[in-house]
Protein chains: 2
Amino acid sequence: MRGVRGAARSVAARRVRVDLGDRSYPIEIGVGTLDAVGPAVAAATGARKAILISVPPVARRYAARVERSLRDAGIRSKRLLVPDGERTKNLGQVARLYDACLAAGADRSSVVVALGGGVVGDLAGFVAATLLRGIPVVQVPTSLLAMVDSSVGGKTGVNVARGKNLVGAFHQPSLVWIDGETLDTLPTRQLAAGLAEVIKHAAIRDERLFRRLERDLDRLLALEPRVCVPILQRNCAIKAAVVSEDEREAGPRMLLNFGHTLGHAAEALKKFRGILHGEGVAMGMSFAAERSEELGLAPAGTANRLRALLVRAGLPTDLPDFPRSAYLRALAVDKKKRDDRLHFVVLRAIGRAETRPLKLAEIWPPRRKLLRRGTGG
Amino acid sequence: MRGVRGAARSVAARRVRVDLGDRSYPIEIGVGTLDAVGPAVAAATGARKAILISVPPVARRYAARVERSLRDAGIRSKRLLVPDGERTKNLGQVARLYDACLAAGADRSSVVVALGGGVVGDLAGFVAATLLRGIPVVQVPTSLLAMVDSSVGGKTGVNVARGKNLVGAFHQPSLVWIDGETLDTLPTRQLAAGLAEVIKHAAIRDERLFRRLERDLDRLLALEPRVCVPILQRNCAIKAAVVSEDEREAGPRMLLNFGHTLGHAAEALKKFRGILHGEGVAMGMSFAAERSEELGLAPAGTANRLRALLVRAGLPTDLPDFPRSAYLRALAVDKKKRDDRLHFVVLRAIGRAETRPLKLAEIWPPRRKLLRRGTGG
């Protein structure tokens, strides 16, 4: 049973700070806090005008509350909607949003407010990064995936025919405002997809969090605030720490790509249809954990333990059925490729990851089958 | 008579450093140095692959020399051509270049080499800023305008229907490589357009340079290396100093927009046809200098002295004949607008500029005529 709203104000709000010198910003995590976002936007940006970018299902539920709060804080806002779904992250939508922002009078005293999941955050963030050579963006994530992952760290991007997020910019938000209550209306499948990134954070960096997830997964899935808020905070703190260490992904930040190499390839091969980003990541993590064992880098049982948690969270762990050659072609355009090697993230244990520069044939050896075991699927 | 090639190696190469912490880079200024660019690109970026972006007339003359030098330095390159002219700076070309770069195997070990004038530099710079969330760019400017202005400072951008450079990013180059010899083949009108930015630098910051231009303009127009190279260096140094003080245009850098407010409006009204950027800037400077006098900010005679030098350089000083209302509409989308005011750059004297937040009606009062004097031509 979902219940964030019920216990709302009994759980104290929490803050995580992302330290990036003069680009530092706070992540505010609370329950039932959407009506208080306006003054925080004003304080963080000094903006007088806002462009609110969202998708219809999210806007229907939450946009009016955000707009009212902005107005009360002296910020006029204009609402721009984009279609729901990953396929919205394209250059055509970017061009349309540039035009609509300018038509709405956007200038350097304007802020973009991204209200929605990862797609809205990435797209609106890229528009903010490149409109007038960059105006501020505030992320108001309403999906679990966006809360614990994409809204923090300043990565923005859109997809092109050759692959996912191959165009983008680093553009740190001025503020991330998380209201856990919005998870109440998140479809179960989207919630599971967000859990993939939560499990990822635990798998690469925090064995204690991994054990907590193994113990509390059912209460987390029921959105009990006393379980949810601290887990949201811990995840934001992990993401914030990694981003602070390595804003532009030269080193440690690459660990966050655990599961993403094959995950992105799977999404691209499915043409972003019928697969959520978090589902791709779950499949990719499962693959990467198996390869870590096969390469002798992780102890036996690592992949099974990871897969068991993913399955309990309702996530798929087997890659879609395309030939190896199709996957290799998809990997060949990976952003992380340098020369003929990919920085592939492997596990050394649950809670500890590292990157290895691997050739494509090492990531996926010629005779390796798509489905190595039957456990996961 | 043009003569950079003749006296080539007798003028020593010079270097200007742009100080921006870990984004610092050198501007190398020489004559006949195009064949030596490869090792410098390799040293500045560590790249193994290059995407050379240029326009046909420039590529015909110079691309093979650059490619040979890159190859000798161990860098494979792929040449991509875009049509010549300001109208090429559009989102359609950006999308086409993304695709062509990815098709050519661009990855994070690649560098974009922008060989050409301001259009190529802005467009290629924006592609580099946003492809794979940013890969290095080396600017090899072949027009005077690009050498003294657009190649230095990291501003990249494209035009949209509503105005010029309304989309873009700050993306500092890894190296700027200036070979003065390429000016030999620059059309006279383009050379004059570049002089507009040279005169602008002198007008806003360096009265001594202004006097030098008044004295040596004919030798500069004849491209005498002994006059050219030091003036190129002084201009790059002014630009570099302003950029180092204020990378993201919060304060001093705005002074570089002297003449650009009305200049951009004139270009937009002409739909970027039949007017060069430098010509727009010349008209805008003339207008801004007159307004500076009218507002009692600059001594009488300031505008006439500026206009006289512009006219000697072969530049237009009167704005195209559109109604005031059309100019005001064009100004309303200016990037530098905050709330209802524009940061308008005025002269206090030749060699000293400052910004004023002015309302549109102060920039262009209701009854002010388009052509106030007949001097300018």
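Here are a few exercises on this predicted two-chain model, each with a worked solution.

Residues count from 1 along each chain as its sequence is written, while chains are lettered from A and ligands numbered from 1 in the order in which they are written. Since we're on a predicted model, local features need pLDDT of at least 70 and side-chain atom pairs count only at pLDDT 80 or more, whereas totals for chains, interfaces and linings use all residues.

**Exercise 1. Work out what chain A looks like overall.**

Step 1: take the secondary structure. Chain A has 13 helices and 12 strands, read as DSSP runs numbered from the N terminus (helices are H or I with at least four residues, strands E with at least two).

Step 2: get the dimensions. The C-alpha trace of chain A spans about 60 × 45 × 35 Å along its principal axes. Its radius of gyration is 20 Å, which agrees with the value near 21 Å for a compact globule of 377 residues (taken over C-alpha atoms; the rule is 2.2 Å times the number of residues to the power 0.38).

Step 3: check burial. Of the 377 residues in chain A, 56% count as buried (20 or more other C-beta atoms within 10 Å; exposed is 12 or fewer, partly exposed is in between, with C-beta atoms placed from the backbone).

**Exercise 2. Split chain A into domains and look at where they touch.**

Step 1: grab the bounds. The assignment gives domain 1 (8-188 + 222-231) and domain 2 (258-363) of chain A; such bounds come from an automatic or database domain assignment.

Step 2: find the spacing. The C-alpha centres of domain 1 and domain 2 of chain A are 28 Å apart.

Step 3: list the contacts. In chain A, 10 residues of domain 1 are in contact with 8 residues of domain 2 (C-beta atoms, placed from the backbone, within 7 Å). Strand 8 of chain A gives the largest share of the domain 1 side, 4 residues.

**Exercise 3. Figure out how chains A and B are related and how they meet.**

Step 1: superpose them. A rotation of 180 degrees with 0.0 Å of shift along its axis puts chain A on chain B, RMSD 0.0 Å (least squares on C-alpha atoms of residues with pLDDT of at least 70 in both). That's the relation of a two-fold axis.

Step 2: count the interface. Chain A and chain B put in 30 residues each. Elements giving two or more residues on the chain A side include helix 3 (91-103), helix 4 (118-130) and strand 7 (155-160) of chain A.

Step 3: compare the surfaces. 100% of the interface residues of chain A are also interface residues in chain B, so the copies meet through the same surface.

**Exercise 4. Pick out two residues with unusual backbone angles.**

Step 1: recall the background. Most residues other than glycine have a negative phi.

Step 2: look at A:Leu132. This non-glycine residue has a positive phi of about 55 degrees, and A:Leu132 sits in the loop between helix 4 and strand 6 (137-141) of chain A. A:Leu132 is buried, with 24 other C-beta atoms within 10 Å.

Step 3: turn to B:Leu223. Its phi is near 60 degrees, again positive without being a glycine. B:Leu223 lies in the loop between helix 7 (207-221) and helix 8 (225-245) of chain B, and counts as buried with 23 C-beta neighbours inside 10 Å.

Key:
Contact = placed C-beta atoms within 7 Å.
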